[in-house]
Amino acid sequence: MTELSADWVLPVDAPPVEGGLVRFEDGAIVSVGPGRAERHFANAAIVPGFVNAHSHLEYAVYAGFGDGTSFGPWIETHMQRKGILERDEMHAIARCGVVDSLASGITTTADYSFSGAAATACAELGLRATVYLEVFGGSAEDAQRQFEEKLETLEENVLVRLGVSPHAPYSCSLEVYAWCLSLGIPVGTHLAESANENDWLEHGAGPLSALATVLQPPTGLRAVASLEPVLGPDLLCAHCVEVNEVEIALLAERDVPVAHCPRSNALLGCGVAPLTALRESGIRVGLGTDSPASAPSFDVFEEMRAAVYTARGRERRADALSATDALRLATAGAAQALQMDDLVGTLATGKRADLAVVSLAGSPYHPVEDPAAAVVFGGSPDRVLEVIVDGKTRYQREEEVKWQEVRSIASAARSRMLVQQP
Ligand SMILES: [Zn+2]
């Protein structure tokens, strides 16, 4: 039996416990309540490990590529530079992405993987993940070939589940979506991320036209309507920025889960997703960091703050998203969106022992008035002291130096992309 305690424990599905104790055994939580363990974290909070509803670990060193260009040219730069990499470099970058995620307190990630390297990296370094292998194109047969090629070198284990990701409605046909959904494994896509996407799908126009040779032909419909025949509870949709009232109602009616990525959407100039309307319609929403290719980092604290800023700014209401609700989006909400809430997302008896210890010492929110606000507004990766996945310590701040080699190999791959860029 392992016991950890802290000045605060935030179970998320129950009120914060001042002077709380978490006990776990064989990777599962045995109890959560008041108490003090031999290992007590003073001036700190124990929270459920964060569940990242949308990531690309393989883009961990892509920060700033195409910054300041619109969605079409940005994705073009991204594709050109990615094309330079060898498989072992993609793997090295994915390992760096895993370390960055763990360092941010993330214990589960929903990763859309171009090469499959993310699955290997998660298994090696102990990050729980659903890894959705990306497929592109118009033909189900071709998608199956891409999927099986990526699958060949991969194995599932206790932490890593494999899924499939038809990339987006402008890069995959409905036939491909239907084939993916027929596999009975997790399926995730990008949906309604930008106005550029709707311009292409509806009119064959806009900046995405530059990529016309690799895109699906226009459907004459907006993004959500383009996917209408396949929308359902098993299709995780990242972004959903360009959705109107009627489209939100359709997503809600079909119980389509959404990954909300406010930093990525803002930085690419795509807009601000209507988070309040999505939540009020009953849609399962989780928070996603996306990747440094669009958001600058896997920093889930920054993502929670961005969710608060953008929701309150968009709605012009200070109560549009509370710190408690932001924390829920990054834990229990994301777990529900991934259909993993039986395993993770809260600190509760019987759930897997996935947790993060966040120091609050010296933050502007300490001494603590509202512990959720202290974590959301005062937290940052350099305050994450320890991260436990499935009962095992996978990251400790005091041992950060041991990850230097992982980071420097990934950094060399970034240098090569910059030097050899077309
Ligand atoms: Zn993405």
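In the next few minutes I will go through the sheet, one helix contact and the aromatic pairs of this structure, which is a predicted model.

Let me begin with the sheet. It is an open sheet of 7 strands, ordered β3-β2-β1-β4-β13-β14-β15, and its pairing is mixed. The edge strands, each of which pairs on one side only, are β3 and β15, the latter covering 392-396. From one strand to the next, the twist averages 35°.

Moving to individual strand pairs, β1 (residues 2-9) and β2 (residues 17-25) run antiparallel and are joined by 7 bridges, and within this pair A6 stands opposite G20 of β2. On its other pairing, β2 is joined to β3 (residues 28-34) by 6 bridges, again in an antiparallel arrangement, and here G20 stands opposite P34 of β3. The hairpin formed by β2 and β3 has 2 residues between the strands, and in it D26 takes a positive phi near 50°. Further along the sheet order, β4 (residues 40-48) and β13 (residues 355-359) run antiparallel with 5 bridges between them, and I46 stands opposite V357 in β13.

Now to the helices. At what angle do the axes of α11 and α14 cross? The axes of α11, residues 300-315, and α14, residues 371-378, cross at roughly 100° and come within 7 Å; since angles from 65 to 115 degrees count as roughly perpendicular, α11 and α14 are therefore roughly perpendicular to each other. On the α11 side the contact is made by F301, M304, R305, V308 and R312, and on the α14 side by V375, V376 and F377. Sorted by class, this contact has 6 nonpolar and 2 charged residues, with no polar ones.

Finally, the aromatic residues. The structure holds 7 aromatic pairs, and one of them, formed by Y112 and Y132, is edge-to-face, with 5.1 Å centre to centre and 65° between the planes. Because Y112 lies in strand β6 (residues 106-113) and Y132 in strand β7 (residues 128-135), the pair ties together parts that are 20 residues apart in sequence. Are these two tyrosines, Y112 and Y132, buried or exposed? Both Y112 and Y132 are buried. Elsewhere in the list of rings, Y59, Y62 and F65 are linked by ring pairs into a cluster.

Key: Residues are numbered from 1 along each chain as its sequence is written. This is a predicted model: local features need pLDDT of at least 70, side-chain atom pairs count only at pLDDT 80 or more; totals for chains, interfaces and linings use all residues. Side-chain values use heavy atoms; hydrogens and water are left out. Axes are lines fitted to C-alpha atoms, for helices over the stretch in contact, and angles run from 0 to 180 degrees between N-to-C directions. Helices (H or I, at least four residues) and strands (E, at least two) are DSSP runs, numbered from the N terminus. Angles under 35 degrees count as roughly parallel, over 145 as roughly antiparallel, 65 to 115 as roughly perpendicular and the rest as oblique. Contact means heavy atoms within 4.5 Å. Ala, Val, Leu, Ile, Met, Phe, Trp, Tyr, Cys and Pro count as nonpolar, Asp, Glu, Lys and Arg as charged, and the others, Gly among them, as polar. Two strands pair if DSSP finds at least two bridges between them. Rings of Phe, Tyr and Trp (its six-membered ring) pair if their centres lie within 6.5 Å; planes under 30 degrees apart count as stacked, over 60 as edge-to-face and the rest as tilted. Buried means under 20% relative accessible area, exposed over 50%, partly exposed in between (1.4 Å probe, protein chains only).
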